[in-house]
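Reader: Please take me through one part of this model closely. I want the helix packing, with the cut-offs behind each term.

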Amino acid sequence: MNVSDTLLSIEENLTEGRLESFQSAKAKADALLTELSLLEKSSDPDDLALAVSVRTASGHVERALGNCRESADQYEQAIATLQRCSREVITKREANLWTCHGLALLSAHSPKDWKSSILSFDEAITIRTNTRTSDETTGWGLSAGYLNKADALNKIGGEENLEEALNSLDLAIAILKDFNLETNQAFRSRLALAWMNKGNILGRLSLDYPHDYRSESLNAYQSAVEILRKGQVEENTESRRMLAVALCNCSRARAQLEKDVDNEQIELEARETLTLINEDELEDPEVAALMLTTRITLCFSLGEKRADEITDIVEDGLHQIHPHTFSYQDPNDELLGHLFWCGANTYLNHYPQFLSEYLLEFLDPDTGNNHFAFSRGCQEAAVRVLWQAIATCKSSGFGTGDAIEKKLSRIGEWQECRERLAEIRNRFFTTEPKE
């Protein structure tokens, strides 16, 4: 297989999106790197352009595998080699390479790398601004630059950076609003994403800093929902998922930002979100997070008077997510624990006689295979609720006669549950959550 064919094969592997395909792409990219010395020493324009492609492909592979620094290094070498190519090739590829370099750094875990990513995005923005024509291609790339820069500023945080991120998002929206959204679903998705990101940053500025952008934040989320709803194509996975994300974000923002919380609207948006999520898609951690977040928000909206519905929502969610939950370092364990707590807290406040049964049904591995004994989030939720249950029961007094017996019996039951869960934690963890 020649270099060009190998590059196409690497691209196909990356498109598949599976770890095995990424590893296959890695092996092919590493094999190509052995041929680079001759290509990069050449003065032939075609050899140099091919060398840039090899370095770029290697950068893509390392980024897919989460090797952020290695990815950035490959892009840097690609950019250096690109400067020896023809002006036509430089113009065509330079901005995209700076964007890829920025994305690699943005995927890292260091604020220093995030700040460096902004320099790369600014470089891409400058190149595209200086060469911009009236066609959609350059506008599309420029909008990506502004969105990526906003992501980096948002990740770094701080009032000044968040306000600068808003400016970048406004510039992206100004470009994208002139696109014909009917011609390409990706145009609609990106414009909606820009509005969602704007809603998120306005919300952060309202919650964490002395600003009141609450209504503006909700309006931004609603704009995203309206844009997606107008172009919804049920058989299009991206269209359906994007609308689900927008509705979930909108309902959650209402719960966080509205001064007079509209629980009915939150419930409507959350329930619609759940209709847009297919159960067989929960193997994707992002879709699983979306489902869990939506159910948590829905539980909040139902309040204290609809306890039966809350327990059903929680338990349905737990049964759905179980086949797709990792027993070690699940990325959604915190959300899983929060949803489990919603159920436990509801049982404590409304059906305390069933609290132990609920906890053991989902946390005792001896009751069957469909348990979450391995989940730190669920175990910690159980510890908190049982501690609260026993403390509240004791502090409220014991009454007289049968009331004393009833309370002592319940406290004894909860103590037995605590001891049983402690035994289970000792089987699954080296250290127990503190009680």
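Author: What follows starts with the whole chain, then turns to one helix and its packing, and ends with a second helix pair.

This is a predicted model: local features need pLDDT of at least 70, side-chain atom pairs count only at pLDDT 80 or more, and totals for chains, interfaces and linings use all residues. Residues are numbered from 1 along each chain as its sequence is written, and side-chain values use heavy atoms, with hydrogens and water left out.

The protein has 19 helices and 0 strands. These are DSSP runs, numbered from the N terminus (helices: H or I, at least four residues; strands: E, at least two). The C-alpha atoms fill a box of roughly 95 × 45 × 40 Å, taken along the principal axes. Of the 435 residues, 49% are buried, meaning under 20% relative accessible area with a 1.4 Å probe, protein chains only.

Now helix H14, residues 285-302. Threonine 293 lies in H14. Threonine 293 counts as buried because its relative accessibility is 12%. Its side chain reaches the backbone oxygen of alanine 289 at 2.8 Å. Leaving aside residues up to four places away in sequence, threonine 293 touches Cys248, Arg252 and Leu335. Contact here means heavy atoms within 4.5 Å.

H14 packs against helix H13 (residues 263-275). The angle is about 155°, and the axes are 9 Å apart. Axes are lines fitted to C-alpha atoms, for helices over the stretch in contact; angles run from 0 to 180 degrees between N-to-C directions. H13 and H14 are therefore roughly antiparallel, a term for angles over 145 degrees. Their crossing is left-handed: the near helix is turned anticlockwise from the far one by less than a right angle. On the H13 side, the contact includes Ile266, Ala270 and Leu274. On the H14 side, Leu290, Met291 and Leu298 are among them. By class, this contact has 8 nonpolar, 5 polar and 3 charged residues. Ala, Val, Leu, Ile, Met, Phe, Trp, Tyr, Cys and Pro count as nonpolar, Asp, Glu, Lys and Arg as charged, and the others, Gly among them, as polar.

The second pair is H9 (residues 159-176) and H10 (residues 185-208). They pack at an angle of about 155°, with axes 9 Å apart. H9 and H10 are therefore roughly antiparallel to each other. Their crossing is left-handed. H9 contributes residues including Leu162, Leu166 and Ile173, and H10 residues including Leu191, Trp195 and Ile201. The contact of H9 with H10 has 12 nonpolar, 1 polar and 6 charged residues.

Key:
Angles under 35 degrees count as roughly parallel, over 145 as roughly antiparallel, 65 to 115 as roughly perpendicular and the rest as oblique. Buried means under 20% relative accessible area, exposed over 50%, partly exposed in between (1.4 Å probe, protein chains only). A polar contact is a pair of N or O atoms within 3.5 Å; within protein, one must be able to donate a hydrogen and the other to accept it, and residues adjacent in sequence count only if both atoms are side-chain atoms.
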